[in-house]
Every structure is written in structure tokens, then in C-alpha cells.
Amino acid sequence: MRLHELVGIDAQARIETPEGMDGNPEVAGIASDSRKVQPGYLFAALAGSKADGATYVADALARGAVAVVAADDAALTVKAPTIRVKEPRAFLARTAARIAGAQPKTMVAVTGTAGKTSVASFTRQIWASVGLPAAMIGTTGVVSPSRNDYGSLTTPDPVELHRLLAELAAEGVTHASMEASSHGLDQHRLDGVTLQAGGFTNLGRDHLDYHADITDYLNAKLRLFTALLPKGAPAIIFSDDAYSDPVISAARDAGLDVRTVGRGGNFLALKRVEHQRQRQLAEVHHAGKIYEIDLPLAGDFQLSNALVAAGLAISTGVAPDQAMAALERLEGASGRLELVGTTQEGAPAYVDYAHKPEALENVLKAVRPFTTGRIVVVFGCGGDRDRGKRPIMGEIATRLADVVIVTDDNPRSEVPGEIRAEILAAAPGATEIGDRAEAIRAAVGLLKKGDTLIVAGKGHENGQTIGDRTLPFSDHEQVRAALAAHAQ
Ligand SMILES: CC(=O)N[C@H]1[C@@H](OP(=O)(O)OP(=O)(O)OC[C@H]2O[C@@H](n3ccc(=O)[nH]c3=O)[C@H](O)[C@@H]2O)O[C@H](CO)[C@@H](O)[C@@H]1O[C@H](C)C(=O)N[C@@H](C)C(=O)N[C@H](CCC(=O)O)C(=O)O
Ligand SMILES: Nc1ncnc2c1ncn2[C@@H]1O[C@H](COP(=O)(O)OP(=O)(O)OP(=O)(O)O)[C@@H](O)[C@H]1O
Ligand SMILES: N[C@H](CCC[C@H](N)C(=O)O)C(=O)O
Ligand SMILES: [Mg+2]
């Protein structure tokens, strides 16, 4: 592909060509990391949170880059044709899409503070239940008919994302659901994806280390509806969240087909629900018909996620009767209020991915009705992440659980004891056990008949990051081992 074809991606783009140079070279690929540049590549110089891509232009050219894309105002003198654009990240995403080629024909994205992975997974499962070749991309990785790969970022960077989408399309995948994280939306990682529908779950405190305030965080999430979905596309919005109204208004203003789901839903209306320990029985109304659903998942929030997923599936062509029937066979995403085992006396031990305040609150509240004894919770907070959430989570745990054990969760570059101290400052009476395996053993050792254990924060993760090393670690394995030891 020639450079001039790519320039056309952005109507405002200007091209600057140094005297005597070919202003229209053949472009073999695109990269925003100079270390990934190969001969013939276009290098996108991005101003990042830690570094400025402009300082790596020389490195990119040395590795064979034939052209550069940079912000209008980036101070650069480059010995190569340079495309100047207002938003280089959007240009990167759309160019990556153009270069990679195909993507699955029917793609949906879901955003929200909690529930994205679950909704993306459920949507894939509903599509698959009617025989569609379907995939999901998210925090837990990529699942398709031919793969189940562990993931790293919730929303991959655009170059990686479009390489993956092209591979999925080549494998025959026609339907794909993906998570739209606030970082991903803010950094235009999804700008090259052609979406058919979008979903919203809820909004709570998260990532306030990255976003200036909750309004900035909300606005990042809103980009899915205001900037990415085409006019008229279905927007499936959970109706019962404190932020549902602003999301509904923004989606309506953007000309989307707003379909709300939940107790206040107009598309899928939840009329009655009976929570049981490992399942919920719900009555849902859709288009004049009443559905009785037996959802085989613990945690009432999973019903909200299931409704958003059913809304997305129905809005992309699955017959309502089939979508509702599929809900009765859903499997939870790994580590989302997942029952890992029980003690001999029947006390359940769950692994859950709650690593933010509202999620922790929801999970602890979800198990209370089924706990005749005590709720025991083991959790920590990640290092190099929003510090403000630490005391908030300490307070929630102390208020909603009976026994609180504060431990480590990916301390990264921070001093683990200091992270724990920030949680403990708001968690009077909590026990501190830094070593996570030991904390889990101690918690399991305390369990009596009627108690419930929640090990929160790591969910599906398979490592513990301390400094810059990630050591193998799985809450599932540790809980299983502790239960086995407890049984002896
Ligand atoms: C804070 C953040 O989101 N950073 C993301 C961002 O990096 P950045 O642009 O800020 O990078 P930077 O390090 O400042 O460097 C600036 C530029 O110089 C380039 N560079 C740098 C070094 C070099 O030698 N050569 C070179 O060209 C970099 O490639 C980059 O383009 O853009 C990169 C490409 O898309 C991402 O990989 C990177 O994610 C980092 C690894 C990350 O940890 N992100 C997390 C916080 C994240 O995105 N999480 C969300 C949300 C999860 C959730 O919902 O809880 C996710 O979607 O996973
Ligand atoms: N609808 C919901 N409302 C409140 N809490 C939820 C909801 N869905 C999930 N949770 C909680 O959030 C945790 C993470 O769920 P999930 O992985 O589906 O969300 P996510 O939005 O993908 O999170 P992340 O941004 O960390 O990837 C769950 O383990 C549970 O504790
Ligand atoms: N996507 C989230 C996951 C956090 C998971 C938790 N275990 C932690 O390490 O804080 C993040 O990177 O902020
Ligand atoms: Mg996720």
C-alpha cells in the first residue's frame, strides 16, 4: 500500500516531504513502538504517559521506517515523509485496520467499570449456542472456536488488535465481542474497529490514577457511544446503575438505538428474581413475551451481565427465544465469583476478580444472604495503580465481611507493606498476612459450617508481580491446596 492511500484515512492530514525524497513510498506495516519497526514501516510517534514517541523517530528510521505520522504540534524534524494529524492515535488505529484487512463481520464492544469480561464471554457463548463461529477478546484473553489464549491487556493496542482480528476473520470467525476499557477508549485503541452494537454495564471508581476525575472517566467510557458506534446502531445499556441516565442520554444524542435492560429496562425488563446460592431464577419480559430463566451463576450482578449479553446477541441477530435459552447454559468467566471448592462441612470458597470498590461491595453483598455463619475475605490492592481505592476497599471489607485478611496483590514497583498499611488504615480488626498463599491457607483454616470464603482481586490471573518479576501464582490452585490440607 502506498503512503498516499493511507493519508486519505484522515481528511485533515497533511504530508510534509523533505526535499528530494520520495513522498509516496510503499508502506509494509505500521508500529508505534520503534522496537517493533521493520523495513518499510510507517512509524507513529505518540506522546505517551511515560515517554514521547517523537524521541524514538531516529531509532525507527534506523530500523527501516519509511515514513512517520505525528501530531500537528509535535516538534519534529524528520528525514522522511511525515504525516501530520490532529490525533495520531486515531490515525494509528485506522491505519492498522486498513493494513490488516479483514475483521469479523459482526463485532460488538462492551464498556463499564465491572462486568465487561463477563458480558463479552456471555455474548460469545450465546452466539456459539446457535452455531455461529464466535470469538471474544478481553482481560482473560482470546477465545474462539480454535483458540483459548491467555491475555494481558483488556483492550489490546491497535496494531496487535487488528492483527488478531484479521487472523480471527481468516479462521472463519464471523462474530466477535470485545471489552472496551477506559484506557483503550481514551487512547483510541478501538477507533479502527467496525462495530455493530455496544454495551454498558455500570460506572464506579476505577483508574483515578489515570483519569483526572470521575467525569473524565465517564467521558472516556462514553466515547464508545458518542464516537465509535455508527448512527442507528443498537446501544444496550443496563438501566439500574447510578450512571445509566447520562449514558442513555449521550447514546440518544449520538443517534443510537438505545435498548435498556434491567429492572427499568425497555428492551429486556427484569420483573422478578429469586436468588439462590449458585443460581438465580428470573422473569424477563421482551417484546410482549415472558421468559422464565434459570441462570446457573452465583452473584446477582451476573444477571445484569447476562441481560446486557442477551441484548447484544438479540441485537446482532440471535432469535430472542434462543438467546434466553442460552442463558440457562452460561458458564462464568474464569475467576468471576467462581466456586473453587467447599470444606467438608460445606463452606464454599470462591475466587473473584473484584479489585475495585464497587466490585468488592457487590461480591460481599451477593454472598451474604447465603451465609449463615461468617464471611471471610482475603484481598489486597495492586501496586502502581489508583492509591485512593485502598482505604475505600478496606472500609468496604470491614463493613461487609466478618473476617478480613489483607494480603498482597501484584505489588509491582511499590513496597508491599506500604500498600497493606494504606488498606489497613481503614480496616480496623483486619489481619495482615503479606504472603498470599499463607493468607489463603489461614482463611481456609478458619472456615466453619455456614461460613463463606471470598478470595478477591486476582480472578483468572496466573502470576504475582513483585518488582518487575512475575512469579507463577494462582488463587484457584492455592484455594484447592488449602482445602485439601484442611480436609486432613
Ligand atoms: C498507561 C497506558 O495505558 N499505557 C499504554 C500506552 O502506552 P503509552 O503510549 O503511554 O507509552 P509510553 O511508554 O509513554 O511511550 C510512548 C511511546 O513511545 C514508544 N516507544 C517507547 C520506547 C521505545 O524504545 N520506543 C518507542 O517507540 C511507545 O511504544 C509509545 O508509543 O499505549 C500502549 C500501546 O497501546 C499500551 O501498551 C500501554 O499500556 C500499558 C502497558 C498498560 O499497563 N496499560 C494498562 C494500564 C491498561 O491499558 N489497562 C487497561 C484497563 C484495564 C482495566 O479495565 O482494568 C487495559 O485495556 O488493559
Ligand atoms: N455487573 C456487575 N456489577 C458489579 N460488579 C460486578 C459486575 N460484574 C462483575 N462484577 C465484579 O467485578 C469483577 C470483575 O468482573 P469482570 O471481569 O466481568 O469485569 P471487567 O469489567 O472485565 O473488569 P476489568 O476491568 O478488571 O477487566 C467480578 O469478579 C465481580 O467481582
Ligand atoms: N486491568 C487491571 C487489573 C487489576 C488486577 C489486580 N489483580 C491488580 O493487579 O491490581 C489493572 O491492570 O489495573
Ligand atoms: Mg475485563
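When I speak of a polar contact this morning, I mean a pair of N or O atoms within 3.5 Å of each other. With that cut-off in hand, we can start at ligand 2, where an N or O atom in the side chain of T139 sits 2.7 Å from an oxygen atom of the ligand. Please keep in mind throughout that what you see is a predicted model.

Two further side chains reach oxygen atoms of ligand 2: a polar atom of H355 lies 2.6 Å from one, and for K116 the distance from a side-chain N or O atom to a ligand oxygen is 2.8 Å. The protein buries 95% of the 620 Å² that ligand 2 exposes when taken alone. There are 21 residues around this ligand, and those that come nearest are T117, S118, R336, D352 and H355. If we sort that shell by class, we find 10 polar residues, six nonpolar and five charged, and helix 4, helix 9 (301-315) and helix 11 (357-367) each contribute at least two of its residues.

Where does ligand 2 lie with respect to the domains? The chain is divided into domain 1 (3-86), domain 2 (101-328) and domain 3 (338-487), and because domain 2 and domain 3 both give residues to the shell, ligand 2 lies between them. As for domain 1, its centre and that of domain 2, taken over C-alpha atoms, are 34 Å apart.

Let me turn now to ligand 3, which has 10 residues around it, with R385, D409, N410, R412 and G457 coming nearest. That shell is made up of five polar, four charged and one nonpolar residue. Nitrogen atoms of ligand 3 figure in two of the contacts, one in which a polar side-chain atom of D409 is 2.8 Å away, and another in which a side-chain N or O atom of E461 is at 3.0 Å. On the oxygen side, the side chain of N410 places an N or O atom 2.8 Å from an oxygen atom of ligand 3. Of the 350 Å² of accessible area that ligand 3 has on its own, the protein covers 84%.

Finally, a word on the second largest pocket, whose volume is about 330 Å³. Its lining comprises 14 residues, and T140, V143, N148, A333 and S334 lie nearest the centre. By class, the lining holds eight polar residues, four nonpolar and two charged. Which helix gives the largest share of that lining? Helix 4 (residues 116-129) does, with three residues, and helix 4 is also one of the helices that supply the shell around ligand 2.

Methods: Residues numbered from 1 in each chain as written. Chains lettered and ligands numbered in written order. Predicted model: local features only at pLDDT ≥ 70, side-chain atom pairs only at ≥ 80, totals over all residues. Heavy atoms only, no water. Domains from an automatic or database assignment. Near = heavy atom within 4 Å. Polar contact = N/O pair within 3.5 Å; in protein donor to acceptor, adjacent residues only side chain to side chain. Areas by Shrake-Rupley, 256 points an atom, 1.4 Å probe, with all protein chains shown as cover. Nonpolar A, V, L, I, M, F, W, Y, C, P; charged D, E, K, R; others polar. 1 Å grid on protein atoms, 1.4 Å probe; cavity = no way out; pocket = protein on both sides within 12 Å on 5 of 7 lines; lining within 4 Å. Points joined across faces, edges and corners; volume = space filled by probe spheres on them. Helix = DSSP H or I, 4+ residues; strand = E, 2+ residues; numbered from the N terminus.
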